[in-house]
Amino acid sequence: MIHHWQTLTAPQLADFAQCDPVAVLVLGAIEQHGTHLPLATDLTIGEGLQAAMLEQLDPSIDVICLPPIAVGASDEHASFPGTLSLPASLSIATLEAYGDSLARAGIRRLILLNSHGGNKAVMDLAGLTLRRRHGMRVVKATYTRLPPLEGAIDAEELRYGLHGGLLETAMMRYLAPTLVQLENYQATSPAAPEGDALVSAEGVAAFAWLAEDLSTHGVAGNATHASAELGERLVKHYASKLAAVVKETAQLPPLKTL
């Protein structure tokens with residue numbers, strides 16, 4: 001059974017917690033995405049993936065969806081207008097506070113459905129704290145780390161078109177087509193290392209980067225061939241993988257507090 005946290009009464013939530021449900025929390029971001037994508041790109045993708053995932057989910061699995069966290073840790077994009085960002089310490093504290101609230105309600109399975117790379121570090125730290133504090137199963141599901149849709153996107157673009165590239169733009173053309181503005185779009189190369197170099201923005205030895213280090217408009221990746229058709233395939237693919245993540249999380253044995 002699927003519920004949304006804010007639609008339940010307190011007694012209903014208490015009753016549902018007895019079913020040992022999996023809580024799902026979308027982590028997005030409000031930040032610049034070049035000249036062609038809206039500030040809400042990451043949040044829109046995260047919410048779109050959750051909605052598509054719920055459609056594919058086995059109805060016998062008990063799931064409760066929390067209100068999404070729209071603003072994340074986006075310091076790398078702070079030089080551009082429109083970016084909203086929480087300090088890393090506050091992002092970590094916010095996730096821990098959500099987890100504390102879940103634990104008080106008797107819920108100890110949490111999936112962080114993440115659509116913004118800058119949230120990964122804070123997820124790791126908060127998740128470890130909640131594991132130790134509450135014996136909570138915290139599963140960190142950043143969709144870009146899931147197995148890709150085979151043959152859909154060139155490997156270099158998929159790996160290094162890390163911001164405003166083909167992947168995000170195609171999904172946005174499917175999820176929110178009226179917000180995508182490609183009329184004066186200028187393609188940007190993926191942030192790939194040169195030759196056999198180990199050091200690059202997202203290489204095996206990655207350096208800390210700000211969005212302006214990637215390109216003039218703070219993007220990396222070529223969205224020229226983004227289409228709604230490709231976006232639909234990508235959303236449904238990643239949604240199927242996320243549905244599998246929920247199923248596996250529901251089947252994990254419970255943990256004990258230390």
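These legends walk through several close-up views of a predicted model. Residues are numbered from 1 along each chain as its sequence is written. In this predicted model, local features need pLDDT of at least 70 and side-chain atom pairs count only at pLDDT 80 or more, totals for chains, interfaces and linings use all residues, and side-chain values use heavy atoms, with hydrogens and water left out.

**View 1. The whole chain, with its eight helices and seven strands.**
Helices (H or I, at least four residues) and strands (E, at least two) are DSSP runs, numbered from the N terminus. The radius of gyration is 19 Å, close to the 18 Å that the globule rule gives for 258 residues, so the chain is as compact as a globular protein of that length. Here the radius is taken over C-alpha atoms, and the rule is 2.2 Å times the number of residues to the power 0.38. Along the principal axes, the C-alpha atoms fill a box of roughly 55 × 35 × 35 Å. Buried residues make up 48% of the 258; buried means under 20% relative accessible area, exposed over 50%, and partly exposed in between (1.4 Å probe, protein chains only). Among contacts (heavy atoms within 4.5 Å) between residues at least 6 apart in sequence, 82% join residues at least 24 apart.

**View 2. Strand β2 (residues 22–27) and its partners.**
Six of the six residues of β2 are buried, so this strand is largely enclosed by the rest of the structure. Val22, Val24 and Val26 point one way, while Ala23, Leu25 and Leu27 point the other way. In a regular strand the side chains alternate between the two faces of the sheet. Strands count as paired if DSSP finds at least two bridges between them. Three bridges join β2 to β3 (residues 63–65) in a parallel arrangement, and here Ala23 stands opposite Ile64. From β2 the chain passes through helix α2 (residues 41–56) to reach β3, a right-handed β-α-β crossover. Right-handed means that, with the strands pointing away from the viewer, the path from the first strand over the helix to the second runs clockwise. β2 also runs parallel to β4 (residues 109–114), with five bridges between them. Look for Leu25 of β2, whose bridge partner in β4 is Leu112.

**View 3. Strand β4, between two pairings.**
β4 is mostly covered, with six of its six residues buried. Arg109, Ile111 and Leu113 point one way from β4, and Leu110, Leu112 and Asn114 the other way. Leu110 is a handy landmark: Ala23 of β2 stands opposite this residue, and so does Val138 of β5. In all, six bridges pair β4 with β5 (residues 137–142) in the parallel sense. The chain travels from β4 to β5 through helix α4 (residues 120–134), and this β-α-β crossover is right-handed.

**View 4. The largest nonpolar core, with 38 residues.**
A nonpolar core is a set of buried Ala, Val, Leu, Ile, Met, Phe, Trp, Tyr and Cys residues joined through side-chain atoms within 4.5 Å. Met53, Leu57, Val63, Tyr143, Leu234 and Val246 touch the most other members. Elements giving two or more residues to this core are β2, α2, β3, β4, α6 (166–175) and α8 (228–251). The largest share, nine residues, comes from α8. Zoom in on Met53: not counting residues up to four places away in sequence, Met53 touches Val24, Leu113, Ala239, Leu242, Ala243 and Val246. A second, separate core of 24 residues includes Phe16, Ala17, Ile69 and Leu95.

**View 5. Helix α6 and what covers it.**
Seven of the 10 residues of α6 are buried, so this helix is largely enclosed by the rest of the structure. Those buried residues are Leu166, Leu167, Glu168, Thr169, Ala170, Met171 and Met172. Their cover includes α2, α5 (155–160) and α8.

**View 6. Two loop residues, Trp5 and Asp20.**
Trp5 lies in the loop between β1 (2–4) and α1 (10–17). Leaving aside neighbours within four places in sequence, Trp5 is in contact with Leu13, Ile64, Cys65, Leu66, Pro67, Leu102, Ala105 and Ile107. Asp20 belongs to the loop between α1 and β2. Its phi is near 55°, a positive value in a residue other than glycine. Asp20 is partly exposed, with a relative accessible area of 37%.
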